[in-house]
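Colleague: Could you walk me through this model? I'd like to hear how each label is earned.

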Amino acid sequence: MSTAPQDWHARAIAAERSGDITGGRKLLEQGLAEHPGNAQLQNSAGSMAMRAGDAAAAEAAFARAIALDPSQVDYSLNRAIALGKLGRSREALALLREKEAAAGSIAKYWSIRGNTARAAGDSADAAMSYDRCLVVQPGHAKALHGRARVALDRGEDQAVTRFDIALSVNQAEADLWLGKAQALDAAGDHQQARSIAEQLVAHAPHWLEALKLLAQLRLGMGDEDYAGHYREAAARLPADPNIPTAHADQLAGLDHAAEAAEVVAEARKRFPDSPQFALMEAVHAGAAGDQERAEAIFADLKLDTPDRAIHEARHRIRRGELEKAESLLEKALAGGGSLHSTYALLGMVWRLTGNPKAQWLHGQENLVQLRPLRDAESIMPQVIERLHELHDHSPMPLGQSLRGGSQTRHILFQRHEEIFAKLHRAILGTLEDYRAGLPPADPDHPLLRHRDDPWELTGSWSVRLRGGGDYHTSHIHPDGMLSSALYLIVPEAAQGDDQQGWLEVGRPPPHLGLDLPPLKTIQPKEGHLALFPSTLYHGTTPFEESLRMTVAFDVVPVARPAA
């Protein structure tokens, strides 16, 4: 005798409430075996899979529920949430847009769409969605929170006010206080921002985002011991391994490698069974020049991962052991290690050993180009004017390549000003000019494998340097395929033969200790865009006077929707 679908559902929920979520899911599977065409059971199976942390199974179940009954908006909302958990926010946003006519009067729909649009990088859609939600339900706490966050992302003038409104509904939400501190900092009220950050760290010393914000604020206010509060947090929570890890990262990011090594050395005493702290000590000690200390750690390190291979390869390069370095890097590639970090180091090794692969990787014609920006004359004056205003309230960031100067906050091309949307479109057009000059597609090459794929930008920011010592140290962008520098203001000194303020592409970072010149030096030219593979180290030379302003971004292939 068949059991009714609602009974299968009731039995599954009872099992879950008793603590047996696995048994509950099995009961729903049995129910679906009897009633495969029941959309509600499919939706229930998806919901329980989500609660079990199985987003892939949940998404598949919700998709089956939609196929059986497309009229039920909740099934689409549930599937959108599951897609977001799987990192497929663009698919989720497309699905939600299809349901706007049916769900436009539902606050929950607009809240979920706002969250999804924000995750997909569409800040304009996110702002609109949260606003629509708040029309339907003015006190919707999640929409107020999301709208405040989007206001901060987009650089809106009312960001602080929006956080205050959200806090009036939910004073206990710590992330809202963090956001308010970030908004105050962006608005120029650094002291009040720091006061809030200090309170957050005092109440939640484990909270890495609050620790980082306080470090950024202290750095911006000229505090030499900008990361000192990490020590205090670690003393309060000595069993938390994340605090010393983050502390060392903040120190190493601004060239304090020796201090970073001491932080993780102390952590090794508290976590003697953690090989990760041993690896970090070797990494930071090596970067600080203490090669014997690093060698002793690597010789005894019980860790066999692609990450270890890449870090040890750097150590081998410093010691001139190039064959060992190459072997480690090949191992990292085979094991799924960071493609960009691995090829960046392999490029150095191949140059030093005379391997012809160096030419294949970075020496092919037109991999590095300087291109005129499309529509530069009509776009640049307004872009420069607005960027000066932003830089006047922007800090030198933590953990970046900048040494002096300032860098804009958040993602530049998500801001609300239309001029940045125009600049975005002009850059996309210029990228097509760059693509046209590239060598043929090559499935083995880290850039040319994507030569004919659709491209998009990820991350975007502006940097303003002042003469007298500001520069970029040599670095790579490990999240990109193609990296960039758009020259908006070029110092007069850059016109000379001594290459002040020039871009150096292919010079090793100082911590590798290599005497290799750059592969190319690019004389900056206003209204032009330098483009080069993200596997190439790059940095700038200092200059004496005036300003240097750029916009930078990374290019990646457009992610293909899952089949």
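Here is our chat about a sheet, two helices and a pocket in this predicted model.

Colleague: How do you know that E1 and strand E9 pair?
Modeller: Pairing takes at least two bridges between two strands. E1 and E9 (residues 528-533) have 4 bridges, in the antiparallel sense, so they count as a pair. One of the bridge partners is Leu531 in E9, which goes with Gln369.

Colleague: And what order do the strands of the open sheet come in?
Modeller: There are 6 strands, in the order E1-E9-E6-E11-E4-E3, with antiparallel pairing.

Colleague: Why do E1 and E3 stand at the edges?
Modeller: Strand E1 (369-372) and strand E3 (406-407) each have a single partner strand, so one side of each has no neighbour in the sheet.

Colleague: Which strands does helix H24 lie across?
Modeller: H24 (residues 376-391) lies across E3, E4, E6 and E11, at about 95 degrees to E6. Helix H25 (residues 418-436) lies across E1, E4, E6, E9 and E11, running at about 110 degrees to E4.

Colleague: What makes a residue part of the lining of a pocket?
Modeller: An atom of the residue has to be within 4 Å of a pocket point. For the second largest pocket, with a volume of about 400 Å³, 20 residues line the pocket, and among those closest to its centre are Gly155 and Arg415.

Colleague: Which helix gives the most to that lining?
Modeller: H24 does, with 3 residues. H10, H11 and H12 are also among the helices that each supply at least two.

Colleague: How many residues of each class does the lining have?
Modeller: The second largest pocket is lined by 8 nonpolar, 5 polar and 7 charged residues. Gly155 is in the lining, and Gly counts as polar.

Conventions: Residues are numbered from 1 along each chain as its sequence is written. This is a predicted model: local features need pLDDT of at least 70, side-chain atom pairs count only at pLDDT 80 or more; totals for chains, interfaces and linings use all residues. Side-chain values use heavy atoms; hydrogens and water are left out. Contact means heavy atoms within 4.5 Å. Axes are lines fitted to C-alpha atoms, for helices over the stretch in contact, and angles run from 0 to 180 degrees between N-to-C directions. On a 1 Å grid over the protein atoms alone, a cavity is a set of points where a 1.4 Å probe fits but cannot get out, and a pocket is an open set with protein on both sides within 12 Å along at least five of seven lines; lining residues have an atom within 4 Å of a point. Grid points are joined across faces, edges and corners, and a volume is the space filled by probe spheres set on the points.
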